[in-house]
Amino acid sequence: MSMRPWGLVGLGVALSSVCVSPAVAQSVQAVEHSGRVFHVAVCPHGNPVGTARCFAHQVTDARGNPINGKANPAATPSGYGPAELRSAYGLTGVTGSGTPTVAIVDAFGYPNAESDLAVYRSQYGLPACTTANGCLRIVSQTGGKPPSRVDTGWDQEQALDLDMVSAACPNCHILLVQASSASFSNLWTGVDYAKTVAGVRAVSNSYGNTDSSSYSAYDSHYAGNNIAITVSTGDNGYGAQWPATAPGAIAIGGTSLRAGGAGTRGWTETVWDGAGSGCGLGHPKPSWQTGVTDACGGRMEADISSNADPNTGVAVYGPATRTSSSWGIWGGTSESSPFIAGLFALRNGSINAASSVYSHTANLNDVTSGSNGTCAVSYYCNAQAGYDGPTGLGTPNGLGAFSN
């Protein structure tokens, strides 16, 4: 099986000799973070035009075997939990108002979604979110019975999404929309359905494919009327992904989040080198990007970001195999999209796509170091003061950037 090594500069790591289990995806990254950390993309690269791949990554050993994030049943899971994420982003003690709904759109059925979510929420003392109490709904792309076909990688994606919405907005209701396949037409049908459901304030989409001007004809599916449509920017480094380049979407990039550092925040962030960014092809520039991303004549991604690096990953309870679940450590911009969607819902205010992010930069943490690749225009792939492609205008500092 071929692999794509990432982040190997200066580490002397010879991954060409490492065999990755066929049960895991084809992308392995080795980086330095408390020793060497490997991780795999749960949805394989190379998907055809017109289909999407999810952007979740799972931390593994050197052979591609998932690392159980809770080897001792009595231990706290490894990886960041809700308290750490809320501390990092100025959300400690913030409860929001009402019970808004966050919709999550993914592909294929996930039979253990409710039971796996229950383990995560119980571990962290979050209120129960079940189908019985009305907090959780699981439907097909048109609102009917969920699909019967199961895909382990997409199930792992759904587990990450459910847990990150829960971490961001513990009191939110969750609508899990499962498309019958990973074709864009089925996925955007799920988005269109989610936008019709009463109470939905945000729709998270943790998938994409290499951008093309041909996709511009379908941009409208990823625009919401007073609903935040968040979309991950990718997990393969510099390069624009659709539907994150849809003008009405809120493009969510990724960072590496670590405790400590100068200042009073108690946390520091740099660009995650796997986060996608770039100038879209054939998608008109949203009005709020004028004067901010002028080197790009059209839609530039990202808009805002949060932690996505598997090496600073989050604890997730989800599928280990088709028939069993366990704790693991996860990342990817599939982590940041549902987390930011949860914050838009938590604020529960007036939403006009990403315009509020550009209007309230004082409520963001500017990320000024790191890179996700090589590019002709420096800010397309390198962090800088103010706007840059990999992290947009920065990361949340409270909820001030999530409502007009």
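Which strand is joined to β6 by seven bridges, and in what sense do the two run? In this predicted model, the partner is strand β8, formed by residues 173-179, and the two strands run parallel. Within this pairing, T101 of β6 stands opposite H173 of β8. A further pairing links β6 with strand β9, which spans residues 200-205; these strands are also parallel, and five bridges connect them. Here A103 is the residue of β6 that stands opposite V203 of β9.

The surroundings of β6 were examined next. Strand β6 comprises residues 101-107, and seven of its seven residues are buried, so the strand is largely enclosed by the rest of the structure. Burial applies to both faces of the strand. On one side lie T101, A103, V105 and A107, and on the other V102, I104 and D106, all of them buried.

The tyrosine Y193 belongs to helix α4, which covers residues 184-194. Its relative accessibility is 16%, and because residues under 20% are classed as buried, Y193 counts as buried. Although Y193 and A103 are 90 residues apart along the chain, their C-alpha atoms are separated by 9.9 Å. When neighbours within four places in sequence are set aside, the contacts of Y193 comprise R137, V139, S140, Q141, T142, G143, L175 and V177. With one of these residues, R137, a polar contact is formed between the two side chains, at 3.2 Å.

A second buried side chain was considered in helix α3, which consists of residues 152-168 and contains Q156. The relative accessible area of Q156 is 7%, so this residue is buried. Apart from residues up to four places away in sequence, Q156 touches V42, Q58, P319, A320 and W330. The contact with P319 includes a polar component: a polar atom of the Q156 side chain lies 3.0 Å from the backbone oxygen of P319.

Finally, the interior was searched for empty space. Such space is revealed by rolling a probe the size of a water molecule over the atoms. One cavity of 30 Å³ or more is present in the structure, and the volume of the largest cavity is about 30 Å³. Its lining is formed by T95, G96, S97, G98, P100, C169, N171, A345 and L346. Of these lining residues, four are nonpolar and five are polar, whereas none is charged.

Terms used:
Residues are numbered from 1 along each chain as its sequence is written. This is a predicted model: local features need pLDDT of at least 70, side-chain atom pairs count only at pLDDT 80 or more; totals for chains, interfaces and linings use all residues. Side-chain values use heavy atoms; hydrogens and water are left out. Buried means under 20% relative accessible area, exposed over 50%, partly exposed in between (1.4 Å probe, protein chains only). Helices (H or I, at least four residues) and strands (E, at least two) are DSSP runs, numbered from the N terminus. Two strands pair if DSSP finds at least two bridges between them. On a 1 Å grid over the protein atoms alone, a cavity is a set of points where a 1.4 Å probe fits but cannot get out, and a pocket is an open set with protein on both sides within 12 Å along at least five of seven lines; lining residues have an atom within 4 Å of a point. Grid points are joined across faces, edges and corners, and a volume is the space filled by probe spheres set on the points. Ala, Val, Leu, Ile, Met, Phe, Trp, Tyr, Cys and Pro count as nonpolar, Asp, Glu, Lys and Arg as charged, and the others, Gly among them, as polar. Contact means heavy atoms within 4.5 Å. A polar contact is a pair of N or O atoms within 3.5 Å; within protein, one must be able to donate a hydrogen and the other to accept it, and residues adjacent in sequence count only if both atoms are side-chain atoms.
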